[in-house]
Amino acid sequence: MRKSDHLARIEELDPYRDYAEIYRLMVFHEFPWDLRTAGKLMIWHLYALPSTARVVGSTDALLDRAEGTALTFGDLIEHGLDSPQGRATIRLVNRSHRGWPISTEDHRYALAGLTVTTLRWLDRHGWRRPSTNERIAVAVFYAELGRRMGVPDLPRDPDVLAACLSGIERDRLARTPEGRRCSDRTIAMARARVPRPLAPLVGPAIAALLDDPVRAAVGLPRPGRAVRWSLRTMLYVRRRLLRFLPPRRVPTTPRTRRGLPPLRPGDPLPAAGHHAVAQV
């Protein structure tokens, strides 16, 4: 198998019809670490918007649900939106949102943010830049997910979505106690997962990866030049090295990474948090 085989397959597909297959290849074969990282960074966009920060910050289960969130969204991508597993997962996500003051515009912001954050990350740090088919497929995937979540007419053009997101963030981002608390708790969770000597670098590294308006809205200080330079250098070296590695023959999904069996129709679903479409 050649490094270019997955991309060749993607270029044969129609991104408006085969968006789910293209996105599955991107997430599980071409860019698993990149899109997992981009999805995690997207959470700070939710913390930076006062209306979504209030909802996310109002539950004590924020950290406990991270594992279920990853499995939930991974199953959705792996099996497709209209598969039995996909339909059950979307019902679970919609139920988890009931009773909370989450507006259609908040959902629109989150879905637009997922599309734009994904593509920006790949443009900046991916081992290759996403193709036109991939860009369209990402936008269509989240538009179709939005339609099933009661968010109609989400743009399917990634450039239009980027402009929409920029407008929302220009007009509505603001620092709130809830957003800062969510950010601090999430950084604490990340620190607990790295070797102790590296723990103090987690916060500055996350701040360096966030766009400045989001970083400022969650109260993270701008990291020093040394941190920014080191992180850019590591990501650049990683990007260059990955170009020479062989392609993945086995998909990297949240379940394979945890040694879990595939989800089958009728299996119990993991609990999903309010940011259930933000992590893989």
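Rings of Phe, Tyr and Trp count as a pair if their centres lie within 6.5 Å. On that basis, Y23, F73, F141 and Y142 come together as one aromatic cluster in this predicted model. The structure as a whole holds eight aromatic pairs. Take the rings of Y23 and F141: their centres sit 4.7 Å apart and their planes meet at 45°, so this pair is tilted. The pair also ties together distant parts of the chain, with Y23 in helix 2 (residues 19-30) and F141 in helix 8 (residues 132-148), 118 residues apart. Y23 counts as buried because its relative accessibility is 2%, and F141, at 1%, counts as buried too.

As for the overall fold, the protein chain has 14 helices and zero strands. Burial is also easy to put a figure on: of the 280 residues, 54% count as buried.

Charged side chains come next. Side chains of opposite charge can pair when their charged atoms come close, and the structure holds 20 salt bridges. In helix 2, the helix that also carries Y23, the side chains of E21 and R24 meet in a salt bridge with an N to O distance of 2.9 Å. These two residues are three apart, about one turn of the helix. Both ends of the bridge are partly exposed, E21 at 27% relative accessibility and R24 at 21%.

Helix 7 offers another case with the three-residue spacing, again about one turn: E105 and R108. Their side chains form a salt bridge at 3.2 Å, N to O. Here the partners fall into separate classes, since E105 is partly exposed with a relative accessible area of 39%, whereas R108 is buried at 14%, the cut-off for buried being under 20%.

In helix 8, R148 and E144 are four residues apart, about one turn of the helix, and their side chains meet in a salt bridge of 2.7 Å, N to O. Both R148 and E144 are buried. They don't act as an isolated couple, either: salt bridges that share partners join D82, E144, R147, R148 and R156 into one network.

Finally, on the surface, R87, R91, R95 and R98 make up a positive patch. One of these residues, R98, lies in the loop between helix 6 (84-97) and helix 7 (104-125). With a relative accessibility of 60%, R98 counts as exposed.

Key. Residues are numbered from 1 along each chain as its sequence is written. This is a predicted model: local features need pLDDT of at least 70, side-chain atom pairs count only at pLDDT 80 or more; totals for chains, interfaces and linings use all residues. Side-chain values use heavy atoms; hydrogens and water are left out. Patches are made of residues with over 30% relative accessible area and no salt bridge: like charges are joined within 9 Å, nonpolar side chains (Val, Leu, Ile, Met, Phe, Trp, Tyr) within 5 Å. Accessible areas come from the Shrake-Rupley method with a 1.4 Å probe; for residues, only the protein chains shown count as cover. A salt bridge is a side-chain nitrogen of Lys or Arg within 4 Å of a carboxyl oxygen of Asp or Glu. Lys and Arg count as positive and Asp and Glu as negative; His and the chain ends are not counted. The place of a charge is taken as NZ of Lys, CZ of Arg, CG of Asp or CD of Glu. Buried means under 20% relative accessible area, exposed over 50%, partly exposed in between (1.4 Å probe, protein chains only). Rings of Phe, Tyr and Trp (its six-membered ring) pair if their centres lie within 6.5 Å; planes under 30 degrees apart count as stacked, over 60 as edge-to-face and the rest as tilted.
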